[in-house]
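Student: I'd like a close look at one part of this protein, the aromatic rings and what surrounds them. Please start with the overall layout, then walk me through it slowly.

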Amino acid sequence: MSYIAMNRFKVVLGKEEEFEEVWRQREGRLNELKGYQEFRMLKGPATEDYRLYSSHTLWETEEDFIAWTKSQQFRDAHKNAGNSGTKGLMAGPPQFEGFQTVLHESA
């Protein structure tokens, strides 16, 4: 079936718009890769300290996702991670979660 790769981000309250703008301005090159199907940035609930976001990519296989992590496109996409443009926006580093699809239903 498919593979879902997610990163959870704890964004400092009041920095949500800046965080979203960083993602809007990114150079997305995922569609250049074999097996890439979809990207979503999800905005979740807020706590007293942060708002939860999650990036979500859908791949045909886990192997396709792993190939992305070893690609030039991946290196280019992450070359500015943690730079001055993103410092202070997050309460800690992102947390990765990967899932293999075992059941899929759709409309």
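Tutor: Let's start with the layout. The chain has three helices and four strands, where helices (H or I, at least four residues) and strands (E, at least two) are DSSP runs, numbered from the N terminus. Read from the N terminus, the order is β-α-β-β-α-α-β. Keep in mind that this is a predicted model, in which local features need pLDDT of at least 70 and side-chain atom pairs count only at pLDDT 80 or more, while totals for chains, interfaces and linings use all residues. Residues are numbered from 1 along each chain as its sequence is written, and side-chain values use heavy atoms, with hydrogens and water left out.

Now for the whole chain. The C-alpha trace spans about 40 × 30 × 20 Å along its principal axes. Of the 107 residues, 27% are buried; that word means under 20% relative accessible area, with exposed being over 50% and partly exposed in between (1.4 Å probe, protein chains only). The chain exposes about 7300 Å², and carbon and sulfur atoms supply 50% of that. Those areas come from the Shrake-Rupley method with a 1.4 Å probe, and for residues only the protein chains shown count as cover. Contacts tell you about the fold too: among those between residues at least 6 apart in sequence, 71% join residues at least 24 apart. A contact here means heavy atoms within 4.5 Å.

On to the rings. A search of the whole structure turns up 11 aromatic pairs. To count as a pair, rings of Phe, Tyr and Trp (its six-membered ring) need centres within 6.5 Å; planes under 30 degrees apart are called stacked, over 60 edge-to-face, and the rest tilted. One of these pairs is F9 with W23, an edge-to-face case at 5.6 Å centre to centre and 70 degrees between the planes. F9 sits in strand β1 and W23 in helix α1 (residues 16-25), so this pair ties together parts that are 14 residues apart in sequence. The two partners sit differently with respect to the surface: F9 is buried at 6% relative accessible area, while W23 is partly exposed at 22%.

Next, look at W59 and W68. Their rings are stacked, 6.3 Å centre to centre with 25 degrees between the planes, and both residues are buried. They also belong to a wider group, because ring pairs link Y3, Y36, W59, F65, W68, F74 and F96 into a cluster.

W59 and W68 turn up again in the largest nonpolar core, which has seven residues: Y3, A5, L30, L33, W59, F65 and W68. β1 (3-12) and α2 (62-69) each supply at least two residues of this core. By nonpolar core I mean a set of buried Ala, Val, Leu, Ile, Met, Phe, Trp, Tyr and Cys residues joined through side-chain atoms within 4.5 Å. Zoom in on W68: leaving out residues up to four places away in sequence, it touches L30, L33, W59, Q73, F74, A77 and H78.

Now go back to helix α1 and see what lies around it. L89 is in the loop between α3 and β4, and it is buried, with a relative accessible area of 3%. Not counting neighbours within four places in sequence, L89 is in contact with K10, V11, V12, K15, E18, F19 and V22. The C-alpha atoms of L89 and W23 are separated by 12 Å, although these residues are 66 apart along the chain. E16, also in helix α1, counts as buried at 13% relative accessibility. Again setting aside neighbours within four places in sequence, E16 is in contact with V11, R51 and Y53.

For contrast, try two residues with more of their area accessible. P93 is in the loop between α3 (72-78) and β4 (95-100), and it is exposed at 72% relative accessible area. From C-alpha to C-alpha, P93 is 22 Å from L30, a residue 63 places away in sequence. R75, in helix α3, is partly exposed at 44%. R75 and V12 are 63 residues apart in sequence, and their C-alpha atoms are 26 Å apart in space.
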